[in-house]
Amino acid sequence: MSTHPRQLWRMMEPYHQLSYRSAEGVERMSALGLDRPELQYFGARLCALGPVSAEVAAALTFGFAPAYVARAVPEVWQRAEPEDILAARLEAADATLRRVLGDHLAETAEVAGLVRRAAEACDLGGHPMAAAHLAVEWPDAPHLQLWLACTVLREHRGDAHWATTTAMGIDPVECHVLACADGYMPAEMLHRHTGWDDAAWQAAVDRLVARGLVVDEDHATAEGTELKSSLERTTDRLAAAPLRVLSEAEQATVLATMTPFARMILDAGEAQPWRLREQLWREPEPV
């Protein structure tokens, strides 16, 4: 396969993310009574699965502190029905994409069918988040078909990533400490974003120090860097399966067409950039 699966993910991730944080997303979620960031995020992220419990929500999203998840779930389902949240999320994606892509919106038709074909080829065993989103009815508009297909593939990769993380003996808080130590993003930012209290975070740092994987929350050891690299390579291999239904030429078309979309979305501030902007056009290591 000529196009690296991580390159394709990097182009699809901003497209998927934009419905969480855009002004249109906040507006539509707030209209449903979801007036706090955690209600908006977990409602949007989980609505395709139905009214899952806090325990199931924490298991599926893996890296968030269970107590933080419980601040939103099950309250979010008491405030709004999952199907209404799903509709609001799709409306938000539609409005945000129309604003951000503008005259380029029609260009999504070129790749929507290709990315949808890859999404429909996902192996769903062990991929609950991908399976839930693949069960969502496909919208008619090409730019929204592309958004849903990117979401399916993103969640498929995420399911594989968390399974790999667990298999390598890294728990839901250690994964973030290791990512920060490897330079993914500042520890303070990810610590706050994922809801772990100071004691749980420091205990994870101490465990990883004892294993020889990090020096501290900002610096990985050579062994820690290699473990993180191995984790990402395994995730790449598992995420590549549905992409193989596309020919090399079709993969190249997806990459070339979606690159400017990713640029526009990141430049508009409608997706979490973290290291995405830095890594977006960097050649990834071999699978």
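Let me begin with a single pair: glutamate 13 makes a salt bridge with arginine 154, with 3.0 Å between the closest N and O atoms, where a salt bridge is a side-chain nitrogen of Lys or Arg within 4 Å of a carboxyl oxygen of Asp or Glu. This pair links distant parts of the chain, since glutamate 13 sits in helix 1 (residues 5-21) and arginine 154 in helix 10 (residues 142-167), 141 residues apart; helices here are DSSP runs (H or I, at least four residues), numbered from the N terminus. Glutamate 13 counts as buried, at 4% relative accessibility, with buried meaning under 20% relative accessible area, exposed over 50%, and partly exposed in between (1.4 Å probe, protein chains only).

A word on the source: this is a predicted model, in which local features need pLDDT of at least 70 and side-chain atom pairs count only at pLDDT 80 or more, while totals for chains, interfaces and linings use all residues. Residues are numbered from 1 along each chain as its sequence is written, and side-chain values use heavy atoms, with hydrogens and water left out.

By the salt-bridge rule, the count comes to 23. One of them joins arginine 117 to glutamate 250, the closest N and O atoms being 2.8 Å apart, and this pair connects helix 8 (residues 109-120) with helix 15 across 133 residues. Here arginine 117 is partly exposed at 34%, and glutamate 250 is partly exposed as well, at 22%.

That brings me to helix 15 itself, residues 248-267, which has 20 residues and reaches 29 Å from its first C-alpha to its last, close to the 28 Å expected, the expected span being 1.5 Å times one less than the number of residues. Helix 15 nevertheless bends by about 30° at methionine 258, with proline 260 following within four residues; the bend is the angle between axes fitted to the seven residues ending there and the seven starting there. Its buried residues include Gln251, Val254, Met258 and Phe261, and after the helix comes glycine 269, whose phi is positive, near 75°.

Finally, the interior: which residues touch the most other members of the largest nonpolar core? Among its 46 residues, they are Phe42, Leu46, Val73, Trp77, Ile85 and Trp201, a nonpolar core being a set of buried Ala, Val, Leu, Ile, Met, Phe, Trp, Tyr and Cys residues joined through side-chain atoms within 4.5 Å. Apart from that core lies another, of 38 residues, including Ala93, Val111, Trp138 and Val254, the last of which is also among the buried residues of helix 15.

Technical notes. Helix = DSSP H or I, 4+ residues; strand = E, 2+ residues; numbered from the N terminus.
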